[in-house]
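Welcome, and please load the model in your viewer. We will make a few selections together, going from one helix out to the whole chain and back in again.

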Amino acid sequence: MLREEAMGLQALIREILEGKELGQQEALGLFEEDFIDLLRGATQVRRHFFGRGVKLCAIVNAKSGRCPEDCAFCAQSAHHRAEIEIYPLMAPEEILQRAKEAEGMGARRFSIVISGRTPSDRELGRIAEAISMIRQETSLISCASLGILTPEKAQRLKEAGLNCYHHNLETAWSFFAEVCTTHPYEEDVQTLRAAKEVGLEVCSGGIFGLGESRQQRVELALTLRELGVNSVALNFLHPIPGTRLGDQRPLPPVELLRSVAVFRFLLPDRDIRICGGRAFGLRDLHPLVLMAGANGLMIGNYLTTPGRDYRDDLQMIEDLELEVADG
């Protein structure tokens with residue numbers, strides 16, 4: 001029986017490599033596949049489109065805390081009582097220094113991230129200055145994650161030299177009201193569309209473990225596919241005391257890995273980057289995330305939680321006989 005199931009999965013993989021787009025029910029069925037067969041298949045799809053390359057990115061939390069949004073997982077929300085460092089927007093020179101440090105760790109992309117609903121005009125000007133400095137003084141691909149954007153703000157970032165705009169949807173439309181009530185899901189979708197319309201690449205994704213169902217994870221993947229995102233950022237909930245989800249029970253590592261694999265089958269030719277919560281969520285199964293279809297990692301620290309030592313990530317990539325890729 002297992003052999004027959006594996007043969008069925010291989011037939012599905014061949015169809016995907018030939019251009020087939022999976023539907024919701026086919027994707028949900030993948031969750032029931034044998035775990036090893038599923039990872040083997042996800043690796044096959046990843047290798048077809050990306051070879052042995054692993055793309056590395058890094059971020060700077062350039063403005064921390066006092067965000068008016070009430071996202072249930074976020075330590076930076078003013079609605080929560082998490083113990084975090086709070087500070088205003090860094091100077092462009094400090095952002096540039098963080099970018100140079102990221103480049104020294106092996107990152108190829110660097111993203112400026114700020115808390116808050118949307119940047120003020122003054123903040124946008126300083127961020128644009130930092131983007132210009134990064135482009136002039138490093139070889140990094142410049143990214144930013146600044147919250148909700150209007151088309152005018154997106155155009156200003158594009159003119160400053162930004163390559164990619166990152167804005168997570170966080171979860172499925174059908175579950176979003178359980179996660180955030182201070183803005184509608186459509187504003188997040190419109191931000192991605194505004195960035196695309198001015199010629200920016202877009203990166204978007206979400207967080208596994210917020211209380212969503214498997215079906216809602218698939219719904220998120222299908223939305224990202226419909227929006228035509230270039231890159232998918234996947235995070236695993238790391239419950240922070242003082243937030244609304246501070247006591248949330250984390251998903252088991254195998255469930256996280258299954259979910260990554262399903263995203264790879266649904267988004268076969270898109271970059272899938274594993275970001276916040278990966279060491280916490282995957283524990284000893286951490287290296288398997290690159291066997292589950294991921295072809296990118298965020299290295300260094302996250303927004304309010306520390307990441308792994310970047311040297312451990314580089315060693316892991318080498319030990320798996322993979323290699324750091326551009327982009």
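Start at the end of a helix: select G106, which follows α4 and has a positive phi, near 110°. Keep in mind as you look around that this model is predicted.

Now extend the selection back over α4 itself, residues 92-105. The helix has 14 residues, and the distance from its first C-alpha to its last is 20 Å, close to the 20 Å expected at 1.5 Å a residue. Which residues of α4 are buried? Show side chains for P92, I95, L96, A99, A102 and M105, and you have them. An α-helix has 3.6 residues a turn, so residues three or four places apart point the same way. To see what covers the buried residues of α4, add β1 (53-63), β2 (109-114), α5 (121-137) and α11 (310-319), which are among the covering elements.

Next stop: α7, residues 185-197. Its 13 residues should span 18 Å at 1.5 Å a residue, and the end C-alpha atoms are 19 Å apart, which agrees. Colour Y185, D188, V189, T191, L192, A194 and A195 to pick out the buried residues of α7. Their cover includes α6 (151-160), β4 (164-166), β5 (201-208) and α8 (214-227). Just after α7, click on G199, where phi is positive at about 95°.

Now for a loop. Select H286, between α10 (278-282) and β8 (296-298). Is H286 buried or exposed? With a relative accessible area of 3%, H286 counts as buried. Leaving aside residues up to four places away in sequence, H286 touches R278, A279, R308, D313 and M316, so display those side chains too.

Finally, zoom out to the protein chain, with its 11 helices and 9 strands. The C-alpha atoms fill a box of roughly 65 × 40 × 35 Å along the principal axes. The radius of gyration is 19 Å, which agrees with the value near 20 Å for a compact globule of 327 residues. Buried residues make up 57% of the 327 residues. Of the contacts between residues at least 6 apart in sequence, 78% join residues at least 24 apart.

Switch on a surface to finish. The protein chain exposes about 14100 Å², with carbon and sulfur atoms supplying 48% of it. If you colour by charge, there are 37 positive and 47 negative charges, and their mean positions are 2 Å apart.

Notes. Residues numbered from 1 in each chain as written. Predicted model: local features only at pLDDT ≥ 70, side-chain atom pairs only at ≥ 80, totals over all residues. Heavy atoms only, no water. Helix = DSSP H or I, 4+ residues; strand = E, 2+ residues; numbered from the N terminus. Expected span 1.5 Å × (residues − 1). Buried < 20%, exposed > 50% of the residue type's maximum accessible area, 1.4 Å probe, protein only. Contact = heavy atoms within 4.5 Å. Rg over C-alpha atoms; globule rule 2.2 N^0.38 Å. Areas by Shrake-Rupley, 256 points an atom, 1.4 Å probe, with all protein chains shown as cover. Lys, Arg positive; Asp, Glu negative; His and termini not counted. Charge placed at Lys NZ, Arg CZ, Asp CG, Glu CD.
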